[in-house]
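Subject: Structure handover

Hello,

Here is the structure I promised to pass on. Please open it first, then read the notes below.

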Amino acid sequence: MAPPKGKSAKADPKAAALKAAKNVKKGSFKKAHLKKRYSVSFYRPKTLIKTRAPKYPRQSAAPAPKLDHFQILKFPLTTESAMKKIEDNNTLVFIVDTRSTKKQIKDAVKKMYDIQTKKVNTLIRPDGNKKAYVRLTADYDALDVANKIGII
C-alpha cells in the first residue's frame, strides 16, 4: 500500500527529536518509592507453612500393644503374708508389670481367671517389681480361686 499523499514516509525529524529528548529527560525507570516505617524493630514476614504429605508411611505396620493380659500379670505371690491375705482379707497378691495400671490389672485378672475384683492396691517393691493386692468381691472366695490357679 502506498503512503498517503501530503505526508512523507518519515515523520517530521524535529518532532521525533523532541519526542526522544522528552523520553531521555523523563527516564525509562522511576525511582522506587520506599515504604515509610513507623517501628524500629524488623520482623521477618510470615511465609506459607504447608502440612506434611508423606509419599509413604514411615512405619510399615502399627506396633502391637506392649501389655496384654498375659504380660500384665507375671505370677502370684505365695509368701506367708500373701497366704494370710488370701485367708483373712479375700485378697490375691500378684507381681505385675511395672508399667501396668490398676485398671489394666483389674481387667487382666477378670480376663484370665473369670473373677470380679472389688479394688486393686499397688506398690513398687524395693527390688523394682510392682506388687498388686487384688481384693475380690464377696461373690468369690480367694481360697477357691487360689486353689484353681494353683497357688495352694
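Confidence in the protein chain is lowest in helix H1 (residues 13–26), where the mean is 87. It is highest in S4, at 98. Keep in mind that this is a predicted model. The chain averages a pLDDT of 90, and 93% of the residues score at least 70.

**The sheet**

Start with the sheet. It is open, has 4 strands and follows the order S1-S2-S4-S3, with antiparallel pairing. Strand S1 (73–76) and strand S3 (117–124) stand at the edges. Each has a single partner strand, so one side of each is left without a neighbour in the sheet. On average, neighbouring strands are turned by 30° against each other, direction ignored.

S4 pairs with both S2 and S3. With S2, the pairing is antiparallel and runs over 6 bridges. Phe-94 has Ala-132 in S4 as its bridge partner. Val-96 stands opposite Lys-130, which is also in S4. With S3, the strands again run antiparallel, joined by 7 bridges. There, Val-120 stands opposite Val-134 in S4.

How covered is S4? Mostly: 5 of its 7 residues are buried.

S3 and S4 form a hairpin with 5 residues between the strands. In this hairpin, Gly-128 takes a positive phi near 100°.

**What lies on the sheet**

Helix H4 (residues 102–113) lies across S1, S2, S3 and S4. It runs at about 125° to S3. H5 packs on the sheet too, touching S1, S2 and S4. The direction of H5 makes about 45° with that of S2.

**Helix H5**

Which residues of helix H5 (residues 142–149) are buried? They are Ala-142, Val-145 and Ala-146. Seen down the axis of H5, these fall within an arc of 100°, so they line one face of the helix. Asp-144 and Lys-148 are exposed on the other side. The buried residues pack against helix H3 (80–89), strand S2 (91–96) and strand S4 (130–136). Gly-150 follows H5, and its phi is positive, near 110°.

**Helix H3**

H3 has buried residues as well: Ala-82, Met-83 and Ile-86. Down the axis of H3, its buried residues fall within an arc of 100°, so they too line one face of the helix. The other side of H3 has Glu-80, Ser-81 and Lys-84 exposed. What do the buried residues of H3 pack against? Their partners are S2 and H5. Just after H3 comes Asn-90, with a positive phi of about 55°.

**Salt bridges**

The count of salt bridges comes to 4. Here are some notes on individual pairs.

- Lys-84 and Asp-88: the closest N and O atoms are 3.0 Å apart. Both residues lie in helix H3, 4 residues apart, about one turn of the helix. Lys-84 counts as exposed because its relative accessibility is 52%, and the cut-off for exposed is over 50%.
- Arg-99 and Asp-97: their side chains meet at 3.2 Å, N to O. Asp-97 has a relative accessible area of 10%, so it is buried.
- Arg-125 and Asp-127: the closest N and O atoms are 2.9 Å apart. Arg-125 counts as partly exposed, because its relative accessibility is 22%.

**A loop residue to look at**

Thr-137 is found in the loop between S4 and H5. Is Thr-137 buried or exposed? At 18% relative accessibility, Thr-137 counts as buried, because buried means under 20%. Which residues does Thr-137 touch? Leaving out residues up to four places away in sequence, Thr-137 touches Asn-90, Gln-116, Thr-117 and Lys-118. Asn-90 is the residue just after H3 that takes the positive phi.

**Where to look first**

I would begin at S4, where 5 of the 7 residues are buried and the confidence is highest. Then turn to H5, whose buried residues pack against H3, S2 and S4.

Best wishes

How values were computed. Residues numbered from 1 in each chain as written. Predicted model: local features only at pLDDT ≥ 70, side-chain atom pairs only at ≥ 80, totals over all residues. Heavy atoms only, no water. Buried < 20%, exposed > 50% of the residue type's maximum accessible area, 1.4 Å probe, protein only. Helix = DSSP H or I, 4+ residues; strand = E, 2+ residues; numbered from the N terminus. Arc of directions from axis to C-beta. Contact = heavy atoms within 4.5 Å. Pairing = 2+ DSSP bridges. Axes fitted to C-alpha atoms, helices over the stretch in contact; angles between N-to-C directions. pLDDT = per-residue confidence, 0-100.
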